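Good morning, colleagues. Please look at the sequence and the structure on the screen while I go through the internal cavities, one central strand pairing scheme and several backbone details.

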Amino acid sequence: MNFTAQNASRKWAYGAFRRIEPAMVTVAAVALLLGMPAGPAMAAKASRPSPWADLFRDVSPRERGATARRAAVPLPKPRPSEAPSAERDAPDKEQQASSPNGKPDQQAAPAPQPTPQPSACRLALTDAIAIAPSIPDIKGAGGCGGEDLVRLEAIVLPDKRRVSVKPAAILRCPMASALAEWIRSDIAPLAERLGSTVTDLDNFDSFECRGRNRIVGAKLSEHGRANALDVRAFKFADGTSISLTDRTVPRGLRESVLHSACTRFSTVLGPGSDWYHEDHIHLDLMERRGNYRICQWDVWDQLPQKAPLLPAERPEEAPPREVAAKPDDAKSGAKSDAKSDAEPDAEKSNAEKPDEAEPAREEKPAKKKRRQNRRS
């Protein structure tokens with residue numbers, strides 16, 4: 001088939017379409033006139049809304065008002081009488097006014113954190129036993145610090161007198177309670193037997209974030225856990241002071257303190273344990289397997305006031321000292337007896353002989369032998 005422009009008139013009859021076009025326009029106009037109603041029917045139809053009238057109309061959401069359908073919503077239960085007041089949770093008017101949106105600022109008023117409940121030890125350690133206010137928990141590096149901490153300032157005796165802890169010690173509540181019971185039940189009666197009253201406790205060290213014996217890199221000490229106290233001395237009402245490591249203090253008194261401390265604390269270190277505890281007593285409540293306890297405190301005797309420089313002189317009435325005979329002494333004794341027997345005969349022979357001068361011996365100088373090198 002050939003579709004060139006020259007042969008187009010042969011294939012399609014364009015002239016026929018040109019003749020039909022006026023006729024089609026006339027038919028369409030007549031059909032339009034026949035379909036239009038006349039008179040009042042035309043006006044009624046014009047008043048009707050067209051089904052396509054809302055197609056391109058700007059439709060905005062209608063506000064819910066009185067025309068909105070109301071749903072049946074159940075009412076809330078009445079507020080109980082023991083419930084907290086709602087005014088605490090209501091935002092402040094000034095805070096609402098200060099916010100740009102009229103809403104309370106959430107960052108300015110964070111939700112209150114629940115207060116932790118006091119432990120059983122804290123409830124038992126009242127002001128009638130010790131002056132020990134609670135302090136916040138300490139959380140340091142390497143497990144240093146602790147929870148349920150108190151600052152032990154004084155211990156109250158049963159007769160309402162106080163034993164000041166100087167300086168105040170930061171301890172865990174169980175350690176502070178054990179220390180208060182030790183002073184009230186053991187040390188105070190001991191001071192009364194001495195005719196005085198204990199007034200002060202010399203605190204050498206309590207909480208300190210460090211290793212054992214202050215060695216860098218060592219295992220964390222119980223002082224770093226606020227579970228230990230170093231006691232150096234006790235002071236009494238008459239002004240006297242008793243150091244627990246002083247040798248001049250009566251031995252019986254120091255032994256009484258030793259036995260009472262080892263009964264109440266799991267670790268007691270003093271003189272004789274190591275040279276770090278020669279001038280104080282270390283007390284702690286360290287927990288070990290099988291409830292193992294350590295009590296290392298040697299109560300040394302008092303040193304002599306004057307050291308003897310020379311040995312004492314032997315009294316005249318003392319018996320003679322007995323000396324054991326040596327095996328060589330028997331032989332020497334036999335020789336001496338034989339020599340004593342031969343001495344009279346020798347004296348007689350010397351008496352019979354005339355005195356003759358013995359010729360002097362010539363002393364010859366010592367000669368050194370020369371070493372001859374033999375060469376082959």
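In this predicted model, a search of the whole structure finds 2 cavities of 30 Å³ or more. The largest cavity holds about 70 Å³ of space. Three elements each give two or more residues to its lining, namely helix H6 (173-193), strand S8 (228-236) and helix H7 (251-264). Of the contributing elements, H6 gives the most, with 3 residues.

Allow me to name the residues in full. The lining of the largest cavity consists of Ile 187, Leu 190, Ala 191, Phe 234, Phe 236, Ile 242, Leu 244, Leu 253 and Val 257. How do these residues divide into nonpolar, polar and charged? The lining has 9 nonpolar residues, with no polar and no charged ones.

The second largest cavity has a volume of about 40 Å³. Around it one finds Leu 244, Thr 245, Arg 247, Arg 254, Pro 271, Trp 297, Asp 298, Val 299 and Trp 300. Here the division is 5 nonpolar, 1 polar and 3 charged. Leu 244 appears in the lining of the largest cavity and again in that of the second largest.

On the method behind such a search, one general remark will suffice. Rolling a probe the size of a water molecule over the atoms shows where empty space is left.

I turn next to strand S8, which was named among the elements lining the largest cavity. Is S8 largely enclosed or largely open? Of its 9 residues, 7 are buried, that is, under 20% relative accessible area, so S8 is largely enclosed by the rest of the structure.

The pairing of S8 involves several strands. S7 and S8 run antiparallel and are joined by 6 bridges; within S8, Ala 233 stands opposite Asp 202. S8 also runs antiparallel to strand S11 (residues 281-284), with 4 bridges between them. In that pairing, Val 231 has Ile 281 in S11 as its bridge partner. A further antiparallel pairing, with 3 bridges, joins S8 to strand S9 (residues 241-243). There, Ala 233 stands opposite Ser 243 in S9. Ala 233 therefore faces a partner on either count: Asp 202 and Ser 243, in a strand where 7 of the 9 residues are buried.

S8 and S9 form a hairpin with 4 residues between them. In the turn, Gly 239 has a positive phi of about 95°.

Close attention is also due to Ser 196, found in the loop between H6 and strand S7 (198-205). With a relative accessible area of 11%, Ser 196 is buried, because that value is under 20%. Apart from its neighbours within four places in sequence, Ser 196 is in contact with Ala 191, Phe 236, Ala 237 and Asp 238. Two of these contacts, Ala 191 and Phe 236, also belong to the lining of the largest cavity.

The next residue is Pro 133, in the loop between strand S1 (130-131) and strand S2 (134-135). Pro 133 is partly exposed, at a relative accessible area of 31%. Leaving aside neighbours within four places in sequence, Pro 133 is in contact with Arg 122, Val 150, Arg 151 and Glu 153. What separates Pro 133 from Arg 122 in sequence and in space? The two lie 11 residues apart in sequence and 9.4 Å apart from C-alpha to C-alpha.

I close with the backbone geometry. Most residues other than glycine have a negative phi, and most peptide bonds are trans. Against that background, which residues are joined by a cis peptide bond? Lys 166 and Pro 167 are, with omega at about -10°. Pro 167 has its place in strand S6 (residues 162-172).

Two residues that are not glycine deserve mention for phi. Asp 148 has a positive phi of about 55°. Asp 148 lies in the loop between strand S4 (145-146) and strand S5 (149-156), and is partly exposed, with a relative accessible area of 26%. Asn 213 likewise has a positive phi, of about 60°. Its place is in the loop between S7 and S8, and at 29% relative accessibility Asn 213 counts as partly exposed.

Terms used
Residues are numbered from 1 along each chain as its sequence is written. This is a predicted model: local features need pLDDT of at least 70, side-chain atom pairs count only at pLDDT 80 or more; totals for chains, interfaces and linings use all residues. Side-chain values use heavy atoms; hydrogens and water are left out. On a 1 Å grid over the protein atoms alone, a cavity is a set of points where a 1.4 Å probe fits but cannot get out, and a pocket is an open set with protein on both sides within 12 Å along at least five of seven lines; lining residues have an atom within 4 Å of a point. Grid points are joined across faces, edges and corners, and a volume is the space filled by probe spheres set on the points. Ala, Val, Leu, Ile, Met, Phe, Trp, Tyr, Cys and Pro count as nonpolar, Asp, Glu, Lys and Arg as charged, and the others, Gly among them, as polar. Buried means under 20% relative accessible area, exposed over 50%, partly exposed in between (1.4 Å probe, protein chains only). Contact means heavy atoms within 4.5 Å. Two strands pair if DSSP finds at least two bridges between them.
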